[in-house]
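Hi,

Here is the structure I promised to pass on. Please have a look at it first, and then read on for my notes.

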Amino acid sequence: MAAVATGPDNKDASVGLASEFRPIHISGYDRLPHDFYPTPDWVTEALLKHVTLSSPVWEPCCGDGAMARVLERAGLKVVATDLVDRGFGRGGVDFFECTAFPADCRTMVTNPPYGDGGEIGRSTNASLAMQKFVNHALNLTVRANGKLALLVRFQWMAGKKASTLISSGPLSRVVVLTKRIQWFDNGESTNVAQHHHAWLFWDCRHGRLLPPSLVFSD
Ligand SMILES: C[S@@+](CC[C@H](N)C(=O)[O-])C[C@H]1O[C@@H](n2cnc3c(N)ncnc32)[C@H](O)[C@@H]1O
């Protein structure tokens with residue numbers, strides 16, 4: 001049997017250490033079913049400051065409408081759908097089953113599910129799940145000759161496969177958020193946010209050979 005390090009009070013010292021020095025990849029929270037994490041308003045507002053979206057906008061993973069409401073406040077019409085009915089938009093619409101943008105929409109904006117959370121919130125390979133999502137979103141956008149804005153983890157976009165995929169579309173602008181997103185508010189026990197995020201914005205009107213521009217925003 002492996003020895004367990006104990007502290008002065010004979011308790012498992014590794015437990016104390018783990019809570020003091022939390023590894024960067026562990027949030028301290030179980031993943032929520034279907035990766036439901038409503039986006040704070042300032043994140044969508046940062047996107048609106050730096051890109052021009054065309055109305056109506058499709059929000060294909062709308063959740064409880066956190067992002068869609070900010071877009072609407074900015075004067076955009078929003079077609080909101082989600083796999084799950086959360087009392088906003090149309091539920092029961094699986095993004096991966098969609099073969100085209102909704103009628104009249106040429107712009108898609110969302111904060112995609114980061115991992116295949118599934119119905120019980122089981123975390124699988126988040127990086128692969130994101131690649132699958134971005135690949136499908138880009139295909140639909142190019143087919144619609146439209147625009148696409150996706151909120152992604154900064155760390156994710158630097159991966160070899162992710163960067164190749166991102167560059168395969170008409171990437172026009174990257175909006176790097178200098179403030180970290182706090183997804184939960186648990187009062188005093190709220191963990192410090194670990195990840196930086198960025199908005200990736202593709203626009204089919206962006207010249208194929210032109211490099212994307214990068215801006216920092218908070
Ligand atoms: C990270 S939350 C974002 C919610 C919302 N976009 C926001 O920013 O506040 C991801 C959402 O994606 C939805 N979702 C997960 N898988 C989906 C799928 N295959 N098709 C459509 N929506 C999906 C979840 O139900 C959840 O509401």
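**What I found**

The largest nonpolar core has 38 residues, and Ala137, Leu150, Trp199 and Leu200 have the most contacts inside it. Helix H4, residues 126–144, gives this core its largest share, six residues. In general, nonpolar side chains in soluble globular proteins tend to be buried together. Trp199 is a good place to start looking: leaving aside neighbours within four places in sequence, this residue is in contact with Leu47, Ala149, Leu151 and Val175.

Before going further, please keep in mind that this is a predicted model. The mean pLDDT of the protein is 84, and 77% of its residues reach 70 or more. Residues 1–28 are the stretch to treat with care: there the pLDDT is below 50, and beyond near neighbours in sequence the stretch has 13 contacts in the model.

As for the overall layout, the protein has six helices and seven strands. Along the sequence they follow the pattern α-α-β-α-β-β-α-β-α-α-β-β-β. Of the 218 residues, 28% count as buried. If you take the contacts with a separation of 6 or more, 67% of them join residues 24 or more positions apart.

Two of the helices are worth a closer look, beginning with H2 (41–50). Which residues of H2 are buried? They are Val43, Thr44, Ala46 and Leu47. These residues cover an arc of only 150° around the axis, so they sit on the same side of H2. The general background is that an α-helix has 3.6 residues a turn, so residues three or four places apart point the same way. What do the buried residues of H2 pack against? Their partners are H3 and four strands: S4 (147–153), S5 (171–177), S6 (197–203) and S7 (213–217).

Lys49 also has its place in H2, but this residue is exposed, because there are just 10 other C-beta atoms within 10 Å and 12 or fewer count as exposed. Lys49 and Val175 are 126 residues apart in sequence, yet their C-alpha atoms are 9.7 Å apart in space.

Helix H3 covers residues 66–73, and its buried residues are Met67, Ala68, Val70 and Leu71. Seen down the axis of H3, they fall within an arc of 160°, which means that they line one face of the helix. These buried residues pack against helix H2 as well as strands S1 (57–59), S2 (78–80) and S3 (107–110).

After H3 comes Gly75, with a positive phi near 95°. Gly75 lies in the loop between H3 and S2. Is Gly75 buried or exposed? Gly75 counts as exposed, because it has 8 C-beta neighbours inside 10 Å. From Gly75 to Ser55 the C-alpha distance is 8.5 Å, with their positions 20 residues apart in sequence.

Finally, the ligand, which may interest you. There are 21 residues around the ligand, and those that come nearest are Thr39, Cys61, Gly63, Phe95 and Asn111. By class, this shell has 13 nonpolar, five polar and three charged residues.

Happy to talk any of this through whenever suits you.

Best wishes

Technical notes: Residues are numbered from 1 along each chain as its sequence is written. This is a predicted model: local features need pLDDT of at least 70, side-chain atom pairs count only at pLDDT 80 or more; totals for chains, interfaces and linings use all residues. A residue is near a molecule or strand if its C-beta atom, placed from the backbone, lies within 6 Å of it. Ala, Val, Leu, Ile, Met, Phe, Trp, Tyr, Cys and Pro count as nonpolar, Asp, Glu, Lys and Arg as charged, and the others, Gly among them, as polar. A residue is buried if 20 or more other C-beta atoms lie within 10 Å of its own, exposed if 12 or fewer, and partly exposed in between; C-beta atoms are placed from the backbone. The arc is that of the directions from the helix axis to the C-beta atoms. Two residues are in contact if their C-beta atoms, placed from the backbone, lie within 7 Å. pLDDT is the predictor's confidence in each residue, from 0 to 100. A nonpolar core is a set of buried Ala, Val, Leu, Ile, Met, Phe, Trp, Tyr and Cys residues joined through C-beta atoms within 7 Å.
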